[in-house]
Amino acid sequence: MDDMLLLDDDARVAALRRLDVLDTAIEEPFEKIVTLVRTVLAVPIATVTLVDRDRQWFKAKRGMNQNETPRSVSFCTHTIQQREPLVIENALDDPRFANVPLVVGPPYVRSYAGVPLRTPEGYNVGALCAMDTRPRRFSPADVAILGNFANIVCDELELRLIAQVDHLTGALTRRGFVDQAEKEMERARRYERATSLVMLDVDHFKQVNDTYGHAVGDQALQQIVRIAEATLRPNDLFGRLGGEEFALLLPETNGAAAVIAAERLRREIAEHPMLLPDGSTLRITASFGVAELSTSTSSLTAWLACADTMLYAAKSGGRNCTKLAQNI
């Protein structure tokens, strides 16, 4: 089974994309790891490398000026094709690497040790690498140390992913939604594509908790997310911002179309009663506020505030309805 996973590059790239870490900002845990690798192994170069379909991108680096290089000329594309660490004592003696840019040009890599970064599903998404500008032998102890650091990198990647998913509902967390929504907002502006944001809030949720208990309240939130997942498109973003408040980002969707999508979701929620432990049913509803992205929207925070204002208008207007911002 492991060998099959190593051969399935499409599934491996999909696993990498699920981590949502490519092209992200500097993060302290990964920076600390490459600093430790360089210090403990006494190497001038250390990287946390993620291997995309056609490139390798450095999540963290020391002694390396480039942010990414083509995958076709990388050491790590070979590392991810095996389960064991890849160790090269002298790159000039290895026909696979003797003529690659990182060897014949800056930073003039001569020796390399890389440990695959493996997801829980078994996909090698990258490598933790130690490199030297002189030929050297990495001892078994060196490789073991590098392997321990690689395990820490894998744990950090998993924690990063977990932090993006709400443990109760499976929707994106506030952090996860904001991170992805900011990327989508930037993309929409770059390509001048219509995009809309929707805020929704469960009506009378405190009353549900007070009357039926928090377990039923949790069940109501879980049901809303299940309905949303069945109703929305695969590329729509759906996150729980806190409590009973959710946000939905609709790419390639203007305000009018977003209202149609919000109304569809609103009706689905209202028309699916919850079965309670005593055999009775509970009907829940939600109110929606919609705001289309415009050139005057200064930030995601401002965009969320606009949609939230319309959500408040929907609450004030009788609940279980959708309100669209006309000008933002």
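Let's start with the open space in this predicted model: the largest pocket holds about 860 Å³. Its lining is made of 30 residues, and those closest to the centre are Asp20, Gln180, Glu184, Arg187 and Leu237. If you want to find the walls of this pocket in the viewer, look for α2 (9-19), α7 (174-191), α9 (214-231) and β8 (237-242), each of which supplies at least two lining residues. The largest share comes from α7, with 6 residues. In chemical terms the lining has 13 nonpolar and 13 charged residues, along with 4 polar ones.

One of those central residues, Asp20, is a handy bridge to the next stop. Aspartate 20 sits just after α2 and takes a positive phi of about 55°. Walk back along α2 itself and you meet its buried residues: Ala11, Arg12, Val13, Ala15, Leu16 and Leu19. An α-helix has 3.6 residues a turn, so residues three or four places apart point the same way. In α2, the buried residues pack against β1, β6 and α6.

Those partners lead us into the largest nonpolar core, which has 33 residues. Within this core, the residues with the most contacts are Val37, Val48, Leu50, Leu117, Leu128, Leu146 and Val153. Two or more core residues come from each of α2, α3 (28-40), β1 (45-51), β2 (55-62), β5 (111-118), β6 (124-132) and α6 (140-162). Of these, α6 gives the largest share, 7 residues. In soluble globular proteins, nonpolar side chains tend to be buried together.

Which residues does leucine 128 touch, leaving aside its neighbours within four places in sequence? Leucine 128 is in contact with Ile33, Val37, Thr47, Val48, Ala113, Gly114, Val115, Leu117, Leu146, Phe149, Ala150 and Val153. Apart from the largest core lies another one, of 31 residues, and Ala171, Val208, Phe246 and Phe288 are among them.

Now zoom out to the whole protein chain, which has 11 helices and 13 strands. Its C-alpha trace spans about 75 × 50 × 35 Å along the principal axes. Of the 328 residues in the chain, 52% are buried. The accessible surface comes to about 15,600 Å², and carbon and sulfur atoms account for 52% of that area. Finally, consider contacts between residues at least 6 apart in sequence: 64% of them join residues at least 24 apart.

How values were computed. Residues are numbered from 1 along each chain as its sequence is written. This is a predicted model: local features need pLDDT of at least 70, side-chain atom pairs count only at pLDDT 80 or more; totals for chains, interfaces and linings use all residues. Side-chain values use heavy atoms; hydrogens and water are left out. On a 1 Å grid over the protein atoms alone, a cavity is a set of points where a 1.4 Å probe fits but cannot get out, and a pocket is an open set with protein on both sides within 12 Å along at least five of seven lines; lining residues have an atom within 4 Å of a point. Grid points are joined across faces, edges and corners, and a volume is the space filled by probe spheres set on the points. Helices (H or I, at least four residues) and strands (E, at least two) are DSSP runs, numbered from the N terminus. Ala, Val, Leu, Ile, Met, Phe, Trp, Tyr, Cys and Pro count as nonpolar, Asp, Glu, Lys and Arg as charged, and the others, Gly among them, as polar. A nonpolar core is a set of buried Ala, Val, Leu, Ile, Met, Phe, Trp, Tyr and Cys residues joined through side-chain atoms within 4.5 Å. Buried means under 20% relative accessible area, exposed over 50%, partly exposed in between (1.4 Å probe, protein chains only). Contact means heavy atoms within 4.5 Å. Accessible areas come from the Shrake-Rupley method with a 1.4 Å probe; for residues, only the protein chains shown count as cover.
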